[in-house]
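Biologist: I am new to this structure and would like to go through it step by step. Please show it first.

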Amino acid sequence: MKMTFDQNLFTQVGLDSGSLTMLGGVTHRFLEAGQYRGVVYRGGESIGKFYINVDKNSPVAQANIDLAAFDTSLPAPATTATGTICGCQGEGTKAETTFEVNPKGYAVFHVSAGAGGYAVRASKAAEDPKQQNQFDSRELNREDIFSAVVLRPGTYSVSNGLNTKAKGKITIGYPKIGKTAYRPPSPAKIVCSEGGFEPANVELQPGQAVLFQANAPSRITLELVKADDGPAGRPEHTRGGWKKAALPEQKRKKA
Amino acid sequence: MSHITIAASAKAFQQLFNEVEKNFSFTKSDSANFGPFSASYSVSVHLSGGNLQLNNDNTFEMQDVDIVFGTLDFKLCLDLPGFCIPSFCIVPDPWNGCLVGFPGFCIGGPICVDLNLSGLTSQITDLKASLVPKYYVDPARLAGWTDLDAELNGHSNQWQIYIDPVWVNVALIDVPATIDNILVNAITNAIHNLFPSWLPGWAVDLIMAFLGPIVDLITSLLGITTSIAEWLSNLLSNVFGLVGLLETAIADYFASKYPLYQFEDPFPVLPASGGLIPVKIPIRNLAATIDSQEMIVQANVGA
Amino acid sequence: MGYTDHCDLYAAVQEDGINLVAQHVMRQRPSWFNYATQYVSDHPQIACVPVAHTIDVTHYSNPLFKVVSPVPILGADSPPVGLNFCVQLVKAQVDFHPGNVVTLPAALSPPLAAQHLAMHVKICGGMDCPSEFVKDFLPTPTSYGEATNIRQPQQVVPPTRKLVCFCLDAYLVAHIGVQSIAGKPSLVGIVDSVDVVGIEPKGLSENINCYLKTTFELMLKEKLIFPISTMLFDLPLLSLATITAQLTPNPPIPNNPAIDDDQLKVFITITVAP
């Protein structure tokens, strides 16, 4: 029996807030009530649309929008071995086309499966000449949050494509088998401002999330600079096969 | 006075005993389900060595006879339904909630490991026995046959001297402490074998880190409260009852399967030659005794 | 004191046992102990003593007698004439030192010497006395002259109704030696002296004694040789590749094989290969 993993979790080592994958999501607040129309892009191609009704009377504080659900190239809705992932609403279901959220709530754009590469753009469905309420995940701002998890150990450079001054470094430690089962620590937070990243250098454990809060226009990218493949001499991961368990010479037990 | 007296010193008797023990063989296989795990084994055993002591009460004792498991294939299957690595958050929401999680996954189904434990040993800590002569009449011998007819047809009668055990004590199977590492490695390999081959090494290590120490996993799942070595020794020795089976098999073997000494009756003293029949001497009143110095076999020549 | 104080294996046969063994050998190998002409062999009822034998002897068509040529009548050649006869060893009794079963004649210098055995053998024999045959006998004409191209007449053996039998008591003193036969150490009897009681004159007695001594020596060397392993009922130890067995030397065993206590004893030391 073999376990099934989504290969993308382990093969996509870089992150880009403007090209979302399973390892990264974006949170946005629609502050003004009204209906918003959103478009989902994969690369430059529009693959779906949706509506968000931002209603002061809505009890919904958080609208989870799975961008993978709009991708008809994916074979089936994402599921996992355990079924539900962290109890998030809307996962593993068909793409909804209409969402609802309170203006004090959040819209969360994430990817539940597949190779990702999605971006989302939303603006008021009614005329909005100033386009003050337009949202584009490729240009985060106004306290939008880019949530990222880096699994692959190594050193990453962090940059803001919309602010050349912003440079940072994230180091992901190599997993260690400890005395107890490993669980990632709580997320770390980095603020993206006109002056750059604060803090600029962060050390994380594998699987530990990092939240980038965009206080200035941001397109966050993480790029693997130096991979950490663990201790030297670490055995290759190959199929174990059959091996004779060599027992040491027995010592006589004397009564 | 008996017509014939034969004596064997302790040294010679030890050699005779070693020859008998050399021909002992025991094979057994079994399997059982113990709920959270199942196990099976297949063993073949032989005996070797031992220290002899002759007693003045017509008995002898053999101690420290090695029981060597020439084959001991042990299979352990851990049934791990629902043993899951819990999901952890990939995309947290700003309130320490979670939007997208690393999918939790289960090390599901049975994980089986084959351990080749060949070479493990136990011991006959003490075997006390006397000697008992038996007269064996071949059941295939026809009623009308003379002794010579029986010999020529391969069904002659036999005098046999068997070891007649008073008791046999077998120690628990001696499992070395290093079995911990062997089992942990085997289980680790079995878990690794569940992973797809494309999974990079760091990802494997990450998952193994999530699993935690395998030895904890094993002891937890198997309900081990002592060391793995003790647990395995107890499983094989007591739960599967190999020690008891061995004691019975050893006692039965010495008592009736392989005599210490046997010879044809009548005993041929001159072989057939030039068309003349062999000369055979009837042996009567065979007795075998032991004292602190030697084994003594006495017999008379029949008329 | 144990049997194996100075050795690893010990085997002993008591004289009563060896005498029973001798009886079994004589009954199962009668042709080693009964010699007769063809006619007597064909008519065993005229032998001096009935030949004791087991059922297997006749069942497996073993002979009761070793057939030998008739005793030639000296000077008779037209035709040659031979007489039927038989010689039978009818009893053999062994007495291991100390002598207490066989009473040795004075000629054998009793008492029996240490490490020796005495043996009493009863030999019966008989020959035909063909008086009627001679009365009616006519020489064969073709036997006259030196005509070399004429075939010599066959030996004539007068038919026999009865042998004129006698029995002798022979005594011998012997000891036991060890000889390697086919790689196996074997026990062989060595005859020291023989005396037949009641034979006169002295020269005849000496001739008969010599004949019997030679007979017994050759018979013991040729036929009655027993591997030492036989005394141990072929103990499996002796055939193991890891075991080397040899007669225990002197010291610590002064006589090996030994004859004492009315027994024949053998002491063996084993060496176990590592």
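**Chain B and its interface with chain C**

Modeller: This is a predicted model. One place to begin is G223(B), just after helix α5(B), where phi is positive, at about 65°.

Biologist: Which residues of helix α5 of chain B are buried?

Modeller: Helix α5 of chain B covers residues 214-222. Buried here means under 20% relative accessible area. The residues of the helix that are buried are I214(B), L217(B), I218(B), L221(B) and L222(B).

Biologist: Within what arc do the buried residues of α5(B) fall, seen down its axis?

Modeller: An α-helix has 3.6 residues a turn, so residues three or four places apart point the same way. The buried residues of α5(B) line one face of the helix, because seen down the axis they fall within an arc of 105°.

Biologist: Is S122(B) buried or exposed?

Modeller: S122(B) is part of strand β12 of chain B, residues 121-136. Leaving aside residues up to four places away in sequence, S122(B) touches V65(B), D66(B), I67(B), F69(B), V170(B), A171(B), L172(B) and I173(B). The relative accessible area of S122(B) is 4%, so the residue is buried.

Biologist: Which backbone oxygen lies 2.5 Å from a polar atom of the side chain of S122(B)?

Modeller: A171(B) is among the residues that S122(B) touches. The backbone oxygen at 2.5 Å from a polar atom of the S122(B) side chain is that of A171(B).

Biologist: What area is buried between chain C and chain B?

Modeller: In this interface, 50 residues of chain C are in contact with 44 residues of chain B. Carbon and sulfur atoms give 65% of the buried area. The area itself is about 3,700 Å².

Biologist: Which three residues supply 20% of the area that chain C buries against chain B?

Modeller: No other three residues supply more of the area that chain C buries against chain B. They are Y3(C), R29(C) and F233(C).

Biologist: Which side chains meet in a salt bridge across the interface of chain C and chain B?

Modeller: The rule finds 18 residue pairs in polar contact across this interface, and one salt bridge. The salt bridge has an N to O distance of 3.7 Å, and the cut-off is 4 Å. Its side chains are those of D8(C) and K11(B).

Biologist: Which element gives the most to the side of chain C that touches chain B?

Modeller: The elements that give two or more residues to this side are β1, α1, α3, α6 and β13 of chain C. With eight residues, the one that gives the most is α1(C).

Terms used: Residues are numbered from 1 along each chain as its sequence is written. Chains are lettered from A and ligands numbered from 1 in the order in which they are written. This is a predicted model: local features need pLDDT of at least 70, side-chain atom pairs count only at pLDDT 80 or more; totals for chains, interfaces and linings use all residues. Side-chain values use heavy atoms; hydrogens and water are left out. Buried means under 20% relative accessible area, exposed over 50%, partly exposed in between (1.4 Å probe, protein chains only). Helices (H or I, at least four residues) and strands (E, at least two) are DSSP runs, numbered from the N terminus. The arc is that of the directions from the helix axis to the C-beta atoms. Contact means heavy atoms within 4.5 Å. Buried area is the accessible area (1.4 Å probe) that two parts lose on being put together, summed over both. A polar contact is a pair of N or O atoms within 3.5 Å; within protein, one must be able to donate a hydrogen and the other to accept it, and residues adjacent in sequence count only if both atoms are side-chain atoms.
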